Structures are given as C-alpha cells and as structure tokens.
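Here are my notes for someone opening this one for the first time. Have a look at the picture, then go through the points in order.

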Amino acid sequence: MAFCNKLGSLVRQSFPRSGQFEMASMLNSIRCMSSSKLFVGGLSYGTDDQSLKDAFSGFGEVVSARVITDRDSGRSRGFGFVDFSSNESASSALSAMDGQELQGRNIRVSYAQESDRGPRSFNNNFRGNRRFNNEDGF
C-alpha cells in the first residue's frame with residue numbers, strides 16, 4: 001500500500017490541475033488493484049465479527065473480519081473491515097455485496113483506505129474542550 005501512495009504522489013505532481021478528475025479515477029483504479037481490505041458501512045448493531053466473516057466468506061478466504069465497537073460502551077459503531085487473502089476475492093466481494101442487505105440493513109462496501117491520522121490522545125481533546133470553557137480562549 002505504501003508503494004501505491006508513493007506512486008499516487010508522483011502522478012499527482014506530474015499532471016496539471018485541470019485533469020484532476022481523470023487522475024483521481026486512475027489513482028483509485030491503481031489502489032483497487034492492490035487492495036484486499038474492504039470497508040463495510042451501514043452494519044446492523046447486531047452484526048458481530050463472526051457474522052461479518054460468514055457473510056463475506058463465500059467470495060474467498062477471509063483473513064480477518066472485524067466490527068468496530070465503541071471503546072466505552074462496547075456497542076458496534078456500524079462499520080467494520082474485511083481482509084481477504086487475495087485481491088481478486090476482495091474485488092468480487094465488493095462488486096457483489098455493495099448495496100446488498102445484511103441483517104436487515106443495506107450495507108456499503110468499498111476499498112479500505114489507510115488513515116493518515118495517528119491515535120487520538122486525551123490531551124488534545126482536553127485542550128480543545130478547555131478552549132470553549134475558558135473566557136480568555138486559552
């Protein structure tokens with residue numbers, strides 16, 4: 001995935017801004033060819049890791065399936081990730097499952113994107129809240 005990010009950066013520098021739409025489409029195609037991890041959104045709160053894995057296992061070997069949960073309550077946040085052993089399996093699962101119903105909800109499936117953000121820290125949140133509570137703005 002790092003290779004794709006570097007390639008995308010080089011391509012972005014090479015093309016003028018007027019071809020931005022075509023470039024974005026091309027970069028997305030390159031990313032899709034080398035990705036085996038899918039983002040699954042719109043999940044029912046009753047969906048767990050095993051039921052997510054079962055729903056996608058018909059398309060190939062699922063390496064991992066994880067429903068993201070709230071840290072405090074333990075309740076599903078309504079999305080998850082499915083990682084396949086091959087790019088072809090991920091591609092066929094995306095084509096077949098996007099917009100389909102899973103446990104009473106229409107799910108959205110797309111290729112997962114790497115996050116540029118690091119972990120959130122308590123200090124940043126505290127300073128942000130403090131700014132709103134202090135009349136001086138500090």
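1. In which sense do strand β2 and strand β3 pair, and over how many bridges? Keep in mind that this is a predicted model. Strand β2 covers residues 62-69 and strand β3 covers residues 76-84; the two pair in the antiparallel sense, over six bridges. If you want a spot to start from, find S64: its bridge partner in β3 is D83.

2. Next, follow the chain from β2 round to β3. This hairpin has six residues between the strands, and G74 takes a positive phi there, near 80°.

3. Now zoom out to the sheet. It is open, with four strands in the order β2-β3-β1-β6, and the pairing is antiparallel. At the edges sit β2 and β6 (108-111), each of which pairs on one side only. On average, neighbouring strands are turned by 20° against each other, if you ignore direction.

4. The other end of the sheet deserves a look too. Strand β1 (residues 37-41) runs antiparallel to β6, and four bridges join them. Here F39 stands opposite S110 in β6.

5. What lies across these strands? Helix α3 (residues 49-56) lies across β1, β2, β3 and β6, running at about 135° to β2. Helix α4 (residues 87-97) lies across β1, β3 and β6, and its angle to β6 is about 150°.

6. Which residues of α3 are buried? They are S51, L52 and F56. Looking down the axis of α3, you'd see these buried residues fall within an arc of 130°, so they line one face of the helix. Their packing partners are β1, β2, β3, α4, β4 (101-102) and β6.

7. On to the nonpolar core. The largest one has 18 residues, and L38, L52 and F56 have the most contacts inside it. At least two residues come from each of β1, α3, β2, β3, α4 and β6. The largest share, four residues, is supplied by α4. As background, nonpolar side chains tend to be buried together in soluble globular proteins.

8. Finally, pick out L52, which is buried in α3 and is among the core residues with the most contacts. Leaving aside neighbours within four places in sequence, L52 is in contact with V40, L43, T47, A65, R66, V67, F81, V82 and L102. Displaying that set around L52 ties together the helix and the core from the points above.

Terms used. Residues are numbered from 1 along each chain as its sequence is written. This is a predicted model: local features need pLDDT of at least 70, side-chain atom pairs count only at pLDDT 80 or more; totals for chains, interfaces and linings use all residues. Side-chain values use heavy atoms; hydrogens and water are left out. Two strands pair if DSSP finds at least two bridges between them. Axes are lines fitted to C-alpha atoms, for helices over the stretch in contact, and angles run from 0 to 180 degrees between N-to-C directions. Contact means heavy atoms within 4.5 Å. Buried means under 20% relative accessible area, exposed over 50%, partly exposed in between (1.4 Å probe, protein chains only). The arc is that of the directions from the helix axis to the C-beta atoms. A nonpolar core is a set of buried Ala, Val, Leu, Ile, Met, Phe, Trp, Tyr and Cys residues joined through side-chain atoms within 4.5 Å.
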